[in-house]
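Let's take a friendly walk through a protein model, from one residue to the empty spaces inside and then to a helix. Keep the picture at hand as you read.

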Amino acid sequence: MAARKKLLLLPGDGIGPEVMREVKRVIDWLDRKRGVTFEIEEDLVGGASLDARGTPLADTTLALAKAADAVLFGAVGGPAWDGMGFDRRPELAILSLRRELGLFANLRPAMVYDPLVGASPLKPEIVRGLDIMIVRESTGGIYFGSPRGIETLPDGQRRGVNTEVYTTHEIERVGRVAFDLARKRGRVVASVEKSNVMESGLLWRQTITALRDAEYSDVTLTHILADNCAMQLVRNPRQFDVIVTSNLFGDLLSDLAAMLTGSLGMLPSATLGAVQGDGKQHALYEPIHGSAPDIAGRGVANPLAQILSFAMLLRYSLGMEDVAVEIERAIVRVLSNGLRTADIMSTGAARVGTGVMGEAVLRELDKAPG
Ligand code: NAD
């Protein structure tokens, strides 16, 4: 029998533990009803870890993350820790995990579920059926390049400097993630940069083109300048399948794409590292929303982004496509039945809390053929 897969759950702060609780019920359901059993570890992270251990990410927690087949993260942060120095912020936990696990490819799907098409700020005819995947390089580029800093010039002016820098290796490895994903989807990749005004963008375009020609001739590649991509995402977002881009442009475009769906509580994400010699690949999955301190402890948070993050984990880290699809379909049926948490509420729907929404997903899973 194959060894059980090891998962590390890091619920974090605010609504993190509330939405993670609903994932644990799904994990329990898979064990009882599908015979799919995981080895589960759970630990503190972020503010909860700062309070208990004086650090947002303890070395022991990092060791658990390194040993795991995948990490499922909730959310961290909140007003209780806002006054802390920059080196003691709960959010440092995510940055440390990304750095220590070498997680360089951030996957942000933006999907519009049919029952939620009215939640988008755009017209239904523009976003109905939207299903795009943005792959953002997340450890390089201008957020990390040097030289950087603020200096005082001889004439007394101050000057701020940041540097956009990419190597072919960095571009190729994130490009491979995008092309591999495209092969499992619509086989189309749009590579986004500003090669008209930036040398790093020109290298990005040349490198992605060479990679496609050498290894992915079955995938269609288009190039689009970042400013035009922003416009196209609003004008006609369904033209895209997979978008691959740098850290900076990905930061902006993935938030833009998220808002096309209109519902923060529905959006999962993944961050992947390189496939290592033993075939193992570090990966962290998390909803894109934060710890939502304004609603924490009230039992009203939407757990679906966290459950969808778990479905991504099953798909990308464990190769359990069928179970991932089963969970996603159960969620669509729950929404079609008219159940809504407050964040996605619409007229005529039934407003429910976190636990009832999680329960409804389990009920729909129960109806699916095993
Ligand atoms: P947020 O995403 O926590 O909340 C924004 C708004 O969306 C709030 O009104 C909140 O109630 C609502 N919301 C978010 N998730 C929801 C859900 N699942 N169901 C229902 N409503 C939901 O962003 P913020 O308010 O800017 O940040 C709050 C804290 O979270 C800050 O400390 C911030 O640093 C942290 N944060 C953490 C992460 C992370 O852990 N990855 C990401 C973003 C923000």
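Helices (H or I, at least four residues) and strands (E, at least two) are DSSP runs, numbered from the N terminus. With that in mind, find Met 111, which belongs to strand β4 (residues 105-111). This is a predicted model, in which local features need pLDDT of at least 70, side-chain atom pairs count only at pLDDT 80 or more, and totals for chains, interfaces and linings use all residues. Residues are numbered from 1 along each chain as its sequence is written, and side-chain values use heavy atoms, with hydrogens and water left out.

Is Met 111 buried or exposed? Buried means under 20% relative accessible area, exposed over 50%, and partly exposed in between (1.4 Å probe, protein chains only). With a relative accessible area of 31%, Met 111 is partly exposed. Contact means heavy atoms within 4.5 Å. Leaving aside neighbours within four places in sequence, Met 111 is in contact with Leu 130, Asp 131, Thr 261 and Leu 267.

Now for the empty spaces. A cavity is a set of points on a 1 Å grid over the protein atoms alone where a 1.4 Å probe fits but cannot get out, and lining residues have an atom within 4 Å of a point. Grid points are joined across faces, edges and corners, and a volume is the space filled by probe spheres set on the points. Searching the whole structure gives two cavities of 30 Å³ or more.

| Cavity | Volume | Lining by class |
|---|---|---|
| Largest | about 50 Å³ | five nonpolar, four polar and two charged residues |
| Second largest | about 40 Å³ | seven nonpolar, one polar and one charged residues |

In these classes, Ala, Val, Leu, Ile, Met, Phe, Trp, Tyr, Cys and Pro count as nonpolar, Asp, Glu, Lys and Arg as charged, and the others, Gly among them, as polar. The lining of the largest cavity includes Glu 164, Tyr 166 and Trp 204. Its largest share, three residues, comes from α7. Around the second largest cavity you will find, among others, Arg 108, Pro 109, Ala 110 and Leu 267.

Last comes helix α8 (residues 226-235), whose buried residues are Ala 226, Cys 229, Gln 232 and Leu 233. They lie on the same side of α8 because they cover an arc of only 110° around the axis, taken from the directions from the helix axis to the C-beta atoms. The face turned away from that buried side carries the exposed residues Met 231 and Arg 235.

Key: 1 Å grid on protein atoms, 1.4 Å probe; cavity = no way out; pocket = protein on both sides within 12 Å on 5 of 7 lines; lining within 4 Å.
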